[in-house]
Structures are given as structure tokens and as C-alpha cells.
Amino acid sequence: MSTTDANADPLATLGSLPGVAESVESVRKAVDRVYGHRIMRRRSNEITSEAALRGARGSAALSGADWALEEVRRRTDFSGDDEARVVGAALRLTAEAGQLLSIWRQSPLRVLARLHLVAAADKGDQVGRPRQDGEPVDEPLVELPLPDAAEVEGRLDGLAQLIIAGSSAPALVTAAVVHGELLALRPFVSHNGLVARAAERIVLVGSGLDPKSVCPAEVGQAEQGRAAYLAAFEGYVSGTPEGMETWIAHCGKAVELGARESTAVCEALQRGAA
């Protein structure tokens, strides 16, 4: 999506696409179901913690570290190999995202830099800033040509302006665009997919759609599979209305599946308390 559109609120334009309204309504119903569960009234902190763990596992799976949930839960050292470091990065991002909600609307670029710093867990000079021309990017999931540094800078600025200005578009639309744009730009030398999905989570939580962070879209993205994720992402990159509808619907389905996951956790806790 070009974030330099002359339209004053291009996100709202996306929200008016025929297929998007259906996705938005379906997501709202799924979110309402989990928030209406009786366990949420008494044990929401437990649901939030479990959703964070499952969301991190899902995001790591999309980035090539598809570990069993119990392995993620059991492990304490994530420094051993590449997959372990990916899982560790996903867990750190999930924890950090909740601390950045108040900053996001005022300074989204600062938040993105912080997310990359946390994911990379490194103090190198390539960490926490957009990549420069000639710097390699480690993002094996996405094989599309890389935008150059000037395009990255311009589109990041445009995205930040949209976030700061606010939009009448549904939260799902904004979250999907943030996710898709960051994945398309791959603005950092590493961990772009993890950062993109963490930023989507910040939008979903900060918008009020999922204020307790119990509907992890990352779970749903992983459940739909990497092939479906990339196919929907191609729709985003195309920039066509049909392609954008496909991507937003895919992101919406991911939120629904995340909500279903937490509903199942609620049901398990309820059975245990019975």
C-alpha cells in the first residue's frame, strides 16, 4: 500500500471495501465471545499470560522456529542455536509490546526501533535503526525484492504519519496495514517478520479491540500456515483492492483463531475449577 496517497484517510478507504466490513464484523463477534466468557471476569491475567506465550510461539513458527508449545514453556535458555534465538526474540517482543502502547500513537518509529533492539538483543550499529543501502537482510520467509533505503524511509514516514493522525478505519484494517507494510519494507537487517507481527499486536491492543491482549493473531497466522500467510501477503504487495481485501481478511481470520484459542483456554480453566 502506498502511504502517500492523496486521500486524507486511506485506511478508511480500505475499511470501506466490500469484503472488509464482513471481516471486521466477524472479528468483533469472535472477540466479544472470549471477553464474555465467565472465566475472563475472574482470571483474565492468566488468559493474557497464556495468550502471550502462545502468540510468541506462533510468531516464531512463522519465522522458521516451529516449536511445540510445551517446549517453549519449558525452555529457559534461548541462546543455543538459530531456532532458539528466534523463539527467544519472539518471547521478548511479546513482553515488550505491552510496555510500548502509550508511545505508539505519538512516536511509532521510536517503537519500531525499540522492538528491533529487543528482538536482536544486540548492541551492534545495525540494530534499532532502518537498514542502509547495501546492508543484507536476514528474512528468509519473504523473498520479494527489497525496497531501497530511500523508499523504506519515505514509506516508514508515511506510515508513521497515518498512525499519528489517527483514522476512522476499524482497528483490524490499521493492524493489517501496519503488519503488511513492515513485512513488505523489511526495514531492519533482521527479525522483520517478528517486529511486524508485534506491531500488529500493539495496534489491536492499543485500539481497544483487544485491550487485555487475549486474542493473539500470531496463533491464527501460524494455524493458517506459512503458505497461506505468504499467499495473502502477495495480495497486500499487489496494492489492488482485491489483494488488500484478501490480506485484511487473512489477518482477520488470524484474530478470530487467536480468540478461539483463548476461549479454549477459558474452557479448560473452567473445567479445572468445576
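This passage describes the cysteines, one helix and one helix pair of a predicted model.

No disulfides are present in the structure. The sulfur of C215 has its closest cysteine sulfur in C266, and because the 9.6 Å between them is too far for a bond, whereas a disulfide requires the two sulfur atoms to lie within 2.5 Å, C215 remains unpaired with C266. The closest cysteine sulfur to that of C266 is, in turn, the one in C215. Both residues are nevertheless buried, C215 having a relative accessible area of 1% and C266 a relative accessibility of 0%.

Helix α5, which spans residues 82-97 and comprises 16 residues, extends 22 Å from its first C-alpha to its last, close to the 22 Å expected at 1.5 Å a residue. Buried positions in α5 include A84, V86, V87, G88, A89 and A90, together with L93, E96 and A97 towards the end of the helix. The cover over these buried residues includes α3 (38-62), α4 (69-74), α6 (101-104), α7 and α10 (192-206).

Helix α7 (residues 108-120), which is among the elements covering α5, also packs against helix α8 (residues 149-165), the two axes coming within 9 Å and crossing at roughly 120°. This crossing angle makes α7 oblique to α8. On the α7 side the contact is formed by P108, L109 and L112, while α8 contributes L156, D157, A160, I163 and I164. By residue class, the contact of α7 with α8 consists of seven nonpolar residues and one charged residue, with no polar residues.

Conventions. Residues numbered from 1 in each chain as written. Predicted model: local features only at pLDDT ≥ 70, side-chain atom pairs only at ≥ 80, totals over all residues. Heavy atoms only, no water. Buried < 20%, exposed > 50% of the residue type's maximum accessible area, 1.4 Å probe, protein only. Axes fitted to C-alpha atoms, helices over the stretch in contact; angles between N-to-C directions. Helix = DSSP H or I, 4+ residues; strand = E, 2+ residues; numbered from the N terminus. Parallel < 35°, antiparallel > 145°, perpendicular 65-115°, else oblique. Contact = heavy atoms within 4.5 Å. Nonpolar A, V, L, I, M, F, W, Y, C, P; charged D, E, K, R; others polar. Expected span 1.5 Å × (residues − 1).
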